[in-house]
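Reader: I work at the bench and want a quick tour of this model. Please keep it brisk.

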Amino acid sequence: MGKARRGRRQGAPSSRRDPREGSAFRTPSPAAGAPTPAPADAVRQALHELLARAYDALDRADEHTLDDVAASVAALCAGPDTRRTVVLGLLDSVTTATTRAWQLGRQPADLHRLVGRRLAAAEQEVVVDAMAHELRQYAPATVDRRWLAQLRELGDGLPVPRSSTWIEARRSGGTDWFTLVSQVVTVLHLLVRLPALEHLTSVPGEARPDPGGPGGPGGPGGPGDAEAPAADERILSRVRMLLAKAESTTFEAEAATFTAGAQSLMARHSIDAALLTRQAERPDRDGPQGRRIGIDNPYEGPKAVLLQAVASANRCRMVWSRELGFGTVVGFEADLDAVELLFTSLLVQATRTLAAAGSRSAVHGGSRTRSFRQSFLSAFADRIGERLHEATAQEEESAMASHSQGRELVPLLAARAERVDEALGAWFPEVRQARVSAARDAEGWHSGRSAADRAQLGAAPRLRA
């Protein structure tokens, strides 16, 4: 159900039939001659039929029927004899649907993003609880570490007592049964209607233990610790520090300097990671990966261009799934980290500059604010891409001149680029080029170029890993 229902989902509707009236609130009667089902079996059957009605109502955007279904399930939850059966039935349905979502190529961040686009913040909290419960069914070593990291970033879900479920924990937290059932059923409907996506990682239960994890051959304390080519958290912390300074300053030249410094640092780290990977001969661990990064309205076209510019400057490829609200970036792990950090920071910086620029009016009246901002972001993406490429090229030249393996760098980077292209072709065999609407506002275009071109890259701080 769309966002128009959000206000009503926060509490019971103002008027509704008595939950004890009407056939919607009765468990089905057995057919003549059939054995009488046990009470729990009858409740489970009633819940199954009510969920089917809810899915049909959500498909048709029939809010009245959906309210009836939610009230029916809430009425079953009101009685102590049927509550546990209903709660466990809902829990099993949501868990099964979440497992299926993994098998369809979704990751925790993907589901959270999708629910945020389609529903409300309360439903996002529900899906986090559902994902946390589902992932707890597996040994941690068999779940891709990136999935667990995504879940941690989303909050890990509500703390749940051993004798309870996350649904009951939400009810104990003050949410009434009607609202809670409405939220759970709406999320469940979204999960069971998911289309398939590309599998970028192993599904939970099938991931191999991470050699870079604690105690692994490439992890802290392991024999390969000195040569581990994965993104070093110390490097990422310093990049985050630079980008935080870029986001907080009100001086665009200073922001550009900090951003250039972050790009240079990540470019050097990427080069070091590539050389170390070749030296350690661990291609399986450090092969190309995919990462989905959200691209939201407004101005999703220029934002996609910005993500493409950042990805290209960091030796990655990007495929934009416009209808799904994200771009899939394909590359090596250290480069993917750089893309995600830089893109997020640059959006913050561009948004701040746009807010300071204010609105724009046309000569003959009316607003041209949207055209101005669209053109600004397009020009900003274009110029930022140029500058990031310059920073990366400078670091490559420096590495070739100073590194003992500098002569190997050009063929090594070319080979890695070929592997990225191969991975992209395997995941997206039918990808096609798409054009984004051209900029139409001259002032917006020049302002965007200027905002991305305030400082000389040579002024970037020379940080070393």
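**Salt bridges, strands and helix contacts**

Reader: What does R145 count as, by relative accessibility?
Author: This is a predicted model, so each value is computed from predicted coordinates. R145 has a relative accessibility of 34%. Buried needs under 20% and exposed needs over 50%. R145 falls in between, so the class is partly exposed.

Reader: Which residue meets R145 in a salt bridge?
Author: The contact is made by side chains, at 2.8 Å from N to O. It links distant parts of the chain, 188 residues apart: helix α7 (residues 145-153) holds R145, and helix α13 (residues 333-357) holds the partner. The partner is buried, with a relative accessible area of 10%. It is E333.

Reader: Helix α7 also holds Q150. Which residues does Q150 touch, leaving out those up to four places away in sequence?
Author: Q150 sits in helix α7. At 16% relative accessibility, Q150 counts as buried. Its contacts beyond the sequence neighbours are Q107, P108 and A109.

Reader: How many salt bridges does a search of the whole structure find?
Author: R170 and D129 make one of them, at 2.6 Å from N to O. R170 is in helix α8 (residues 166-172) and D129 is in helix α6 (residues 121-135), so the pair ties together parts 41 residues apart in sequence. Over the whole structure, the search finds 20.

Reader: What relative accessibility does D129 have?
Author: Its partner R170 counts as buried at 13%. D129 counts as buried too, since its value is under the 20% cut-off. For D129 the value is 3%.

Reader: Where does R322, the salt-bridge partner of E300, lie?
Author: The side chains of E300 and R322 meet at 2.9 Å, N to O. E300 belongs to helix α12 (residues 300-313), and the pair ties together parts 22 residues apart in sequence. E300 counts as buried at 10%, while R322 counts as partly exposed at 47%. R322 lies in the loop between β2 and β3.

Reader: Which residues do salt bridges with shared partners join into one network?
Author: Here the salt bridges share partners. The network they build consists of D56, R60 and D62.

Reader: Now the strands. In what order do the three strands stand in the open sheet?
Author: The pairing is antiparallel. β1 and β2 are the edge strands, each pairing on one side only. Neighbouring strands are turned by 25° against each other on average, direction ignored. The order is β1-β3-β2.

Reader: How many bridges pair β1 with β3?
Author: Strand β1 (residues 289-294) runs antiparallel to β3. R291 has V329 as its bridge partner, and R292 stands opposite T328. The number of bridges is six.

Reader: How many bridges join β2 to β3?
Author: Strand β2 (residues 317-321) and β3 run antiparallel. R317 stands opposite V330. The bridges number five.

Reader: Which residue in the turn of the β2-β3 hairpin has a positive phi?
Author: Four residues lie between the two strands of this hairpin. The phi in question is about 80°. It belongs to G325.

Reader: Are the faces of β3 covered or exposed?
Author: Strand β3 spans residues 326-331, and six of its six residues are buried. One side carries F326, T328 and V330. The other side carries G327, V329 and G331. Both faces are covered.

Reader: Which helix lies across β1 and β3?
Author: This helix runs at about 5° to β1. Its residues are 333-357, and E333 is among them. The helix is α13.

Reader: Are α2 and α9 roughly parallel or roughly perpendicular to each other?
Author: Helix α2 (residues 39-59) packs on helix α9 (residues 177-192) with the axes 10 Å apart. The angle is about 75°. Angles from 65 to 115 degrees count as roughly perpendicular. The two helices are therefore roughly perpendicular.

Reader: How many nonpolar residues take part in the contact of α2 with α9?
Author: α2 brings L51, A54, Y55, L58 and D59. α9 brings V185, T186, L188, H189 and V192. By class, two residues are polar and one is charged. The nonpolar ones number seven.

Key: Residues are numbered from 1 along each chain as its sequence is written. This is a predicted model: local features need pLDDT of at least 70, side-chain atom pairs count only at pLDDT 80 or more; totals for chains, interfaces and linings use all residues. Side-chain values use heavy atoms; hydrogens and water are left out. Buried means under 20% relative accessible area, exposed over 50%, partly exposed in between (1.4 Å probe, protein chains only). Two strands pair if DSSP finds at least two bridges between them. A salt bridge is a side-chain nitrogen of Lys or Arg within 4 Å of a carboxyl oxygen of Asp or Glu. Axes are lines fitted to C-alpha atoms, for helices over the stretch in contact, and angles run from 0 to 180 degrees between N-to-C directions. Angles under 35 degrees count as roughly parallel, over 145 as roughly antiparallel, 65 to 115 as roughly perpendicular and the rest as oblique. Contact means heavy atoms within 4.5 Å. Ala, Val, Leu, Ile, Met, Phe, Trp, Tyr, Cys and Pro count as nonpolar, Asp, Glu, Lys and Arg as charged, and the others, Gly among them, as polar.
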